[in-house]
Amino acid sequence: MEGISSYSWDQSAKAVTVYVPSTGRSVDHSFEERGFTLRVDGRELKVANLCKAIDAAKSRVTVKADRVQVKLWKRTPEDWSDLTDAKDRRDAERKERVANGDLKDASTRELLADLYKHSTD
């Protein structure tokens, strides 16, 4: 099944909304506490590692004329750093390395070199 690579997302205090451009003639979905799967016209968007937990029973999919909207209701009202937890995990790993690992007592130069080496942007 072909993957969906074009989508955007936004958040409010209580929910995260994912927007997928599509005419959405055939739509199927499933929600879990930390992920969701959306199938639209033979294409699939699967996010298995959401940034935070959602209320799967309350979350829903709405089909519009030019897009499909996935409304993910947050379990707790807090800001998400990204749609997935990858950024939070990288930040936690780096903090651990600075506090207790190979970057403990590193110079500013060494910290910057490591930062550029492991950047994703």
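A salt bridge, for today, is a side-chain nitrogen of Lys or Arg within 4 Å of a carboxyl oxygen of Asp or Glu. By that rule, the count here comes to seven salt bridges. Keep in mind that this is a predicted model.

Let me start with the overall picture, then come back to the charges.

The chain has two helices and eight strands. In sequence order the strands come as one run of eight, and the two helices follow: β-β-β-β-β-β-β-β-α-α. The radius of gyration is 18 Å, well over the 14 Å that the globule rule gives for 121 residues, so the chain is more spread out than a compact globule. Along its principal axes, the C-alpha trace spans about 55 × 30 × 20 Å.

Now burial and surface. Of the 121 residues, 27% are buried. The chain exposes about 7,900 Å². Carbon and sulfur atoms supply 47% of that area.

What about contacts along the sequence? Take the contacts with a separation of 6 or more: residues 24 or more positions apart account for 51% of them.

Next, charge. We have 23 positive side chains and 22 negative ones. How far apart do the centres of the two sets lie? The answer is 4 Å.

Side chains of opposite charge can pair when their charged atoms come close. Let's look at some pairs.

First stop, Asp85. Where does Asp85 sit? Asp85 is in the loop between strand E8, residues 67-73, and helix H1, residues 86-100. Is Asp85 buried or exposed? Its relative accessible area is 14%, and the cut-off for buried is under 20%, so Asp85 counts as buried. Leave aside its neighbours within four places in sequence, and Asp85 is in contact with Arg34, Asn49, Leu50 and Cys51.

One of those contacts is a salt bridge. The side chains of Asp85 and Arg34 meet at 3.7 Å, N to O. This pair links distant parts of the chain, with the two residues 51 apart. Asp85 is in the loop between E8 and H1, while Arg34 is in the loop between strand E4, residues 27-32, and strand E5, residues 35-40. The burial of the partners is worth a look. Asp85 is buried, whereas Arg34 is partly exposed, at 34% relative accessible area.

Asp85 also meets Arg89 in a salt bridge, at 3.2 Å, N to O. Arg89 is partly exposed, with a relative accessible area of 44%. To recap, Asp85 pairs with Arg34 and with Arg89.

Second stop, helix H1. Which side chain does Lys87 meet in a salt bridge? Its partner is Asp91, at 3.6 Å, N to O. Lys87 and Asp91 are four residues apart in helix H1, so about one helical turn separates them. Lys87 is partly exposed, at 33% relative accessibility. Asp91 is partly exposed too, with a relative accessible area of 34%.

One more group. Asp28, Arg39 and Glu44 are joined into one network by salt bridges that share partners.

Here is the slide to keep. The chain is eight strands and two helices. Asp85 is buried in the loop ahead of helix H1. Its salt bridge to Arg34 links distant parts of the chain. Within H1, Lys87 and Asp91 sit about one helical turn apart. Thanks, happy to take questions.

Terms used: Residues are numbered from 1 along each chain as its sequence is written. This is a predicted model: local features need pLDDT of at least 70, side-chain atom pairs count only at pLDDT 80 or more; totals for chains, interfaces and linings use all residues. Side-chain values use heavy atoms; hydrogens and water are left out. The radius of gyration is taken over C-alpha atoms; the globule rule is 2.2 Å times the number of residues to the power 0.38. Buried means under 20% relative accessible area, exposed over 50%, partly exposed in between (1.4 Å probe, protein chains only). Contact means heavy atoms within 4.5 Å. Accessible areas come from the Shrake-Rupley method with a 1.4 Å probe; for residues, only the protein chains shown count as cover. Lys and Arg count as positive and Asp and Glu as negative; His and the chain ends are not counted. The place of a charge is taken as NZ of Lys, CZ of Arg, CG of Asp or CD of Glu.
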